[in-house]
Amino acid sequence: MAERPARAPRRARSATESLLSIVLVLEALLVFFVTLVVFALDRVSAPVAFTAGGVFFVVVLALARLQRFSWAIVVGHAVQVLLIAAGLLEPLMYLIGALFAALWVYCFVTGRRLDRRNAAIAAEYDEHRSDHSTTPDRPTDTDQPDQTDSKEKQ
């Protein structure tokens with residue numbers, strides 16, 4: 001039986017990438033439901049509602065996976081503007097879009113702050129490891145007392 005090749009380790013995601021991806025997935029769900037509402041209220045024709053809504057849904061979902069790129073974050077900012085502009089079709093979207101835009105900004109700022117903190121901690125850890133590179137981080141097996149000796153003494 002042939003062995004499967006080992007998988008490459010998963011890429012570490014930044015806090016900013018994770019938080020913004022979560023917001024975009026939630027917004028994709030919002031786009032889905034707004035599409036249904038706009039169709040049900042006859043604000044636009046069915047082909048226009050489902051085509052535009054479907055394309056916007058797919059774009060927002062794809063954008064959620066691409067948040068590691070700086071250009072995708074800029075496009076994410078544009079998505080916030082488009083969600084607020086959806087208020088032209090359904091006035092309640094002015095409020096909902098503004099709330100999601102506020103959530104986007106909060107996650108963006110918090111994610112950047114967490115990424116800076118994590119980078120500082122990692123740099124401090126690397127500096128600490130390089131200072132003590134000759135001593136092991138953990139005790140070796142020879143440093144531990146033999147467990148059989150202690151059991152025999154009891």
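Biologist: Phe32, Phe33 and Phe57 form one aromatic cluster. How do you know that two rings pair?

Modeller: First, the ground rules. This is a predicted model, where local features need pLDDT of at least 70, side-chain atom pairs need pLDDT 80 or more, and totals for chains, interfaces and linings use all residues. Residues are numbered from 1 along each chain as its sequence is written, and side-chain values use heavy atoms, without hydrogens or water. Now the rings: those of Phe, Tyr and Trp (its six-membered ring) pair if their centres lie within 6.5 Å; planes under 30 degrees apart are stacked, over 60 edge-to-face, and the rest tilted. That rule gives four aromatic pairs.

Biologist: What makes the pair of Phe32 and Phe57 tilted?

Modeller: The centres are 6.4 Å apart, which is within 6.5 Å, so the rings pair. The planes stand at 55 degrees, neither under 30 nor over 60, so the pair is tilted.

Biologist: Which parts does the pair of Phe32 and Phe57 tie together?

Modeller: Phe32 lies in helix 1 (residues 15-40) and Phe57 in helix 2 (residues 46-65), so the pair links parts 25 residues apart in sequence. Helices here are DSSP runs (H or I, at least four residues), strands are E runs of at least two, and both are numbered from the N terminus.

Biologist: Why does Phe32 count as partly exposed?

Modeller: Buried means under 20% relative accessible area, exposed over 50%, and partly exposed in between (1.4 Å probe, protein chains only). Phe32 has 41%, so it falls in between. Phe57 has 26% and is also partly exposed.

Biologist: What makes the pair of Phe39 and Phe50 tilted?

Modeller: The planes make 50 degrees, so neither the stacked nor the edge-to-face cut-off is met. The centres are 4.8 Å apart. Phe39 is in helix 1 and Phe50 in helix 2, so this pair ties parts eleven residues apart in sequence. Phe39, at 33%, is partly exposed, and so is Phe50, at 40%.

Biologist: How do you know where Ala52 falls, buried or exposed?

Modeller: Neither term fits. Ala52 has 45% relative accessibility, so it counts as partly exposed. Ala52 lies in helix 2. Its C-alpha is 8.3 Å from that of Thr35, though the two are 17 residues apart in sequence.

Biologist: Why is Asp42 called exposed?

Modeller: Its 64% is over 50%, so Asp42 counts as exposed. Asp42 sits in the loop between helix 1 and helix 2. Its phi is positive, about 55 degrees, although Asp42 is not a glycine.

Biologist: How do you know that the span of helix 1 agrees with the expected one?

Modeller: The expected span is 1.5 Å times one less than the number of residues. For the 26 residues of helix 1 that gives 38 Å, and the end C-alpha atoms are 38 Å apart, so the two agree. Helix 4 (residues 92-131) has 40 residues and reaches 59 Å, close to the 58 Å expected.

Biologist: At what angle do helix 2 and helix 3 pack?

Modeller: Helix 2 and helix 3 (residues 70-85) pack at about 145 degrees, with axes 10 Å apart. Axes are lines fitted to C-alpha atoms, for helices over the stretch in contact, and angles run from 0 to 180 degrees between N-to-C directions. Phe56, Val60 and Leu63 of helix 2 meet Ala72, Val75, Gly76, Val79, Leu82 and Leu83 of helix 3. Contact means heavy atoms within 4.5 Å.

Biologist: How many residues of the contact of helix 2 with helix 3 are nonpolar?

Modeller: Eight are nonpolar, one is polar and none is charged. Ala, Val, Leu, Ile, Met, Phe, Trp, Tyr, Cys and Pro count as nonpolar, Asp, Glu, Lys and Arg as charged, and the others, Gly among them, as polar. Gly76 is in this contact, so it is counted as polar.

Biologist: At what angle do helix 1 and helix 3 cross?

Modeller: Roughly 30 degrees, with the axes coming within 12 Å. Helix 1 contributes Thr16, Leu20, Leu24, Glu27, Leu30 and Val31, and helix 3 contributes Ile73, Val79, Gln80 and Leu83. That contact has seven nonpolar, two polar and one charged residues.

Biologist: Which residues of helix 4 are buried?

Modeller: They are Met93, Gly97, Phe100, Ala101, Trp104, Cys107, Thr110 and Gly111. The buried residues of helix 4 pack against helix 1 and helix 3. Over the protein, buried residues make up 25% of the 154.
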